[in-house]
Amino acid sequence: MTAYVSLSARVLVNVEALNMAESVGNYIKHRRVPVVVEEDGSTVVKYVPAVSGESVGHGYQAILGQLARQAGLPVCDNCYKEVFTKHASKEMFGTSDWERKLKELIGKKDGFSPTQFEAEVIRNCVVEDLGGFLYAEEPFQVKRSSLFSTGYLIPAADALRSVAVEPQFHVRYSPARPEEGQAIYYVEIGSAVYTLSFVIDVARIGWTKLAEVKDVIGEAERKKRVEVALKSLAAMIVGPLFGAKRTRFLPSWEVRSIVAALSGPMPFITSPGHTKAYLSSTALRAKEFVKAMNHGNTDLKQQVTIYYYNGEGLTTPSEDVSPAVLKPGFASPEELFATLITDVVGVSG
Ligand SMILES: [Zn+2]
């Protein structure tokens with residue numbers, strides 16, 4: 001069984017400070033990235049506010065750690081505390097029994113393999129099963145790549161004329177320097193229609209993949225892990241439940257639209273949400289992709305099912321998209337995720 005979930009979304013975000021890049025004196029700057037855009041017939045570079053993929057990835061793993069433990073699934077203590085040093089070196093191991101035993105086995109060298117190391121960590125920590133880790137000490141390196149991929153939140157191309165980054169004036173009392181009274185500081189806030197993307201390889205949850213491909217956890221546990229992985233994604237996007245400074249700069253966050261795809265055996269990635277045509281673009285690409293993959297003499301049975309929430313007048317495809325499947329639009333992001341999770345957990349068995 002193979003199954004990938006990919007998702008693109010457009011979110012109207014006002015007054016956010018989700019990813020601050022540096023402070024210069026009392027001025028805290030928002031992260032900015034260069035984007036290339038077409039303007040009046042030529043390409044120009046614009047610097048726009050953004051939130052890094054590292055920030056999104058951190059937020060996702062933080063939610064996953066909490067949700068997995070609440071669901072009765074194993075998470076190591078460091079990941080549960082949102083310290084994602086993972087099992088990178090023996091000093092970073094926690095004090096659980098399985099971690100102590102793993103240290104002893106590493107010391108024995110002979111008869112102990114990288115696959116056994118990978119399997120032990122997968123078995124005992126859902127966050128590292130999903131988010132990967134790198135052990136980089138003697139006697140061998142053990143690398144597990146992340147099963148999910150994500151990237152920067154950047155302003156949507158069709159909304160680049162309506163993007164703002166602006167410093168906000170604040171004061172705070174500084175007890176360490178009472179003679180100075182109130183201290184002035186500035187925080188840059190960003191406002192834009194952002195687009196974000198996320199892809200997850202749900203079928204490989206619970207399987208080693210470094211040296212040997214072995215099922216470590218079995219189907220029943222895998223279903224639970226897949227469910228928690230997708231619920232974490234839903235919580236993060238409907239939230240927002242990631243990024244910095246949310247205690248006093250909780251953004252005004254409104255999910256305008258979502259396009260998701262369930263695909264296999266090859267991954268199919270949804271088009272980024274740069275314009276309101278990304279639903280029709282994704283569906284028409286899916287149609288051609290399935291036709292191309294299933295064409296010829298091989299037994300490949302490529303499938304792509306598209307799910308969408310349209311809260312902003314997205315263009316819908318003007319033609320039949322079979323052999324891909326386009327589900328009817330959902331009334332809310334939450335309904336979309338509920339159906340998607342049911343469908344994925346159904347096919348992951
Ligand atoms: Zn962990």
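## Exercises on helix α3, the β2–β3 hairpin and the overall fold

The cover over the buried residues of α3 includes α4 (114-124) and β6 (133-135); contact here means heavy atoms within 4.5 Å. The model is predicted, with local features requiring pLDDT of at least 70, side-chain atom pairs counting only at pLDDT 80 or more, and totals for chains, interfaces and linings using all residues. Residues are numbered from 1 along each chain as its sequence is written, and side-chain values use heavy atoms, with hydrogens and water left out.

**Exercise 1.** Determine how the span of helix α3 relates to the expected value.

*Solution.* Step 1: α3 comprises residues 97-108, that is, 12 residues; helices (H or I, at least four residues) and strands (E, at least two) are DSSP runs, numbered from the N terminus. Step 2: the expected span is 1.5 Å times one less than the number of residues, which gives 16 Å for α3. Step 3: the distance from the first C-alpha to the last is 17 Å, close to that expectation.

**Exercise 2.** Identify the buried and exposed residues of α3 and state how the buried ones are arranged.

*Solution.* Step 1: buried means under 20% relative accessible area, exposed over 50%, and partly exposed in between (1.4 Å probe, protein chains only). Step 2: W98, E99, L102 and I106 are buried. Step 3: viewed down the axis, these buried residues fall within an arc of 95°, so they line one face of the helix; the arc is that of the directions from the helix axis to the C-beta atoms. Step 4: the face turned away from the buried side bears the exposed residues K101, E104, G107 and K108.

**Exercise 3.** Describe the pairing of β2 with β3 and the setting of G25.

*Solution.* Step 1: strands β2 (residues 20-24) and β3 (residues 27-30) run antiparallel and are joined by four bridges; pairing requires that DSSP find at least two bridges between two strands. Step 2: V24 stands opposite Y27 in β3. Step 3: the two strands form a hairpin with two residues between them, and G25 in the turn has a positive phi of about 60°. Step 4: G25 counts as exposed, at 75% relative accessibility.

**Exercise 4.** Assess the compactness of the protein from its radius of gyration.

*Solution.* Step 1: the protein contains eight helices and 14 strands. Step 2: its radius of gyration is 23 Å, close to the 20 Å that the globule rule gives for 349 residues, so the protein is as compact as a globular protein of that length. The radius is taken over C-alpha atoms, and the rule is 2.2 Å times the number of residues to the power 0.38.
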